[in-house]
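Good morning, and thank you for joining this meeting. I shall walk through one protein structure, going from the overall picture to particular residues.

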Amino acid sequence: MKIDRLIGILSVLLQEEKTTAPELAERFEVSRRTINRDIEALCKAGIPIQTAQGIGGGISIMEGYRMDRTILTSKDMQVILAGLRSLDSVSGSSYYGQLMEKIQSGSSDFVSGRDSILIDLSSWYKGTLAPKIEMIQDAIENRKYLRFKYYAPSGESKRTIEPYFIIYKWTSWYVYGWCLKRKDFRLFKLNRMDKPVVLEDTFECRNVPAPELSSDSKAPHNIVLKALFDADMKWRLVEEFGPDCYKVAEDGRLILSEAYYDLDNLVMWLLTFGDKVEVLEPPEVREKLRAIAESISSLYK
């Protein structure tokens with residue numbers, strides 16, 4: 001990951017009087033061109049790095065400069081370390097753990113107390129997920145096209161994209177990029193990707209808008225659901241809509257009224273409750289559930 005390499009390069013420059021681009025390239029296993037871009041990024045971030053050509057030249061930090069850690073509190077460091085641990089839970093390697101040890105070893109007098117934040121981003125798909133994340137990180141860093149087969153509700157397709165972001169949202173991992181097929185920015189779920197390949201061709205970065213990650217769709221919520229849930233499903237309603245989302249009916253069941261924009265997704269969600277829910281409105285949802293129930297019944301006769 002680029003940010004990890006930037007931290008590593010800065011650490012080298014703070015500890016060594018001078019180094020060279022070839023030495024850094026070999027150390028971090030990247031090209032000299034990548035190192036030059038990293039040095040440029042550090043300069044833009046305000047780190048006073050100077051370079052000198054010829055014999056005795058190299059890359060160094062301006063004399064007298066030092067990083068002042070007092071701008072970070074002990075709580076800040078705990079949050080940083082928790083973030084690094086969470087990345088290790090999906091990376092498939094111990095890189096972030098090693099980086100964390102480097103930070104802790106130089107901050108033992110600064111990081112006080114025991115760990116209070118633990119984040120685990122791993123999943124049942126860790127064995128296949130970690131290699132995908134690493135591959136996509138490399139593609140983003142080197143501005144390489146990414147090609148893969150994609151499985152979606154609308155069917156299977158082959159996609160080629162310019163990858164820009166790896167995103168963890170809605171308990172899943174996604175890649176956000178410009179889709180050459182759709183001629184637009186799209187979000188692709190990693191677990192639906194098959195046989196991803198990084199192509200040799202490079203692309204010029206676009207002016208990338210921030211990904212739309214809001215849980216609220218911009219589509220109009222025209223489907224108004226009114227349903228009765230068994231009382232033992234209260235925990236699910238509270239988890240998904242909050243403790244004030246329902247009213248208690250005379251028979252003890254829970255009345256939920258919510259607006260939706262996607263009929264198919266609503267029906268699939270209701271099916272996860274089995275016989276623990278009775279839909280009152282709208283009629284088209286009742287009819288769709290009845291047809292599915294009859295189809296399931298015929299399968300098991």
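Let me begin with a term. A salt bridge is a side-chain nitrogen of Lys or Arg within 4 Å of a carboxyl oxygen of Asp or Glu. With that in mind, please find Arg5, Asp38 and Glu141, which are linked in a network of such salt bridges. Please also keep in mind that this is a predicted model.

Now to the chain as a whole. The secondary structure of the protein chain comprises 9 helices and 11 strands. Of the 301 residues in the chain, 35% are buried. The chain exposes about 19400 Å², and carbon and sulfur atoms supply 52% of that area. Among contacts in the chain with a separation of 6 or more, 59% are between residues 24 or more positions apart.

I turn next to one sheet. In what order do the strands of the open sheet of 5 strands come? The order is E6-E5-E4-E3-E7, and the pairing is antiparallel. Strand E6, residues 184–189, and strand E7, residues 193–202, form the edges, each pairing on one side only. On average, neighbouring strands of this sheet are turned by 45° against each other, with direction ignored.

Let us look inside this sheet. Strand E3, residues 144–152, runs antiparallel to E4, and 7 bridges join the two. One bridge partner to note is arginine 159 in E4, which is matched with phenylalanine 148.

Strand E4 covers residues 155–169, and serine 157 is located in it. Is serine 157 buried or exposed? Its relative accessible area is 13%, so serine 157 counts as buried, the cut-off for buried being under 20%. The side chain of serine 157 makes a polar contact with the side chain of arginine 159, at 3.0 Å. Setting aside neighbours within four places in sequence, serine 157 is in contact with Phe148, Lys149, Tyr150 and Lys181.

Lysine 149, one of those contacts, also forms a salt bridge with glutamate 156, in which the closest N and O atoms are 3.4 Å apart. The two partners can be described by their accessibility. Lysine 149 is partly exposed, with a relative accessible area of 29%, whereas glutamate 156 is exposed, at 54%.

How many salt bridges does the structure hold in total? The structure holds 15, and I shall show two more of them.

In one, the side chains of glutamate 278 and arginine 253 meet at 3.0 Å, N to O. Glutamate 278 lies in strand E11, residues 277–281, while arginine 253 lies in the loop between strand E9 (246–248) and strand E10 (254–260), so this pair ties together parts that are 25 residues apart in sequence. Glutamate 278 is partly exposed, with a relative accessible area of 32%, and arginine 253 is partly exposed at 21%.

In the other, the side chains of glutamate 287 and arginine 290 meet at 2.5 Å, N to O. Where do glutamate 287 and arginine 290 lie? Both are in helix H9, residues 283–299, and they are 3 residues apart, about one turn of the helix. Glutamate 287 counts as partly exposed at 41% relative accessibility, and arginine 290 is partly exposed at 38%.

My last topic is the backbone. Most residues other than glycine have a negative phi, and most peptide bonds are trans. Three places in this model deserve a look against that background.

To start, a cis peptide bond joins glutamate 281 and proline 282, with omega about 0°. Proline 282 is found in the loop between E11 and H9.

Glutamate 29 has a positive phi of about 55°, although it is not a glycine. Glutamate 29 sits in the loop between helix H2 (21–28) and helix H3 (32–44). At 74% relative accessibility, glutamate 29 counts as exposed.

Finally, lysine 195 has a positive phi of about 50°, and lysine 195 is not a glycine either. Where is lysine 195 placed? Lysine 195 is in strand E7, which is one of the edge strands of the sheet described earlier. Lysine 195 is exposed, with a relative accessible area of 63%.

Thank you for your attention.

Note on methods:
Residues are numbered from 1 along each chain as its sequence is written. This is a predicted model: local features need pLDDT of at least 70, side-chain atom pairs count only at pLDDT 80 or more; totals for chains, interfaces and linings use all residues. Side-chain values use heavy atoms; hydrogens and water are left out. Helices (H or I, at least four residues) and strands (E, at least two) are DSSP runs, numbered from the N terminus. Buried means under 20% relative accessible area, exposed over 50%, partly exposed in between (1.4 Å probe, protein chains only). A polar contact is a pair of N or O atoms within 3.5 Å; within protein, one must be able to donate a hydrogen and the other to accept it, and residues adjacent in sequence count only if both atoms are side-chain atoms. Contact means heavy atoms within 4.5 Å. Accessible areas come from the Shrake-Rupley method with a 1.4 Å probe; for residues, only the protein chains shown count as cover. Two strands pair if DSSP finds at least two bridges between them. Axes are lines fitted to C-alpha atoms, for helices over the stretch in contact, and angles run from 0 to 180 degrees between N-to-C directions.
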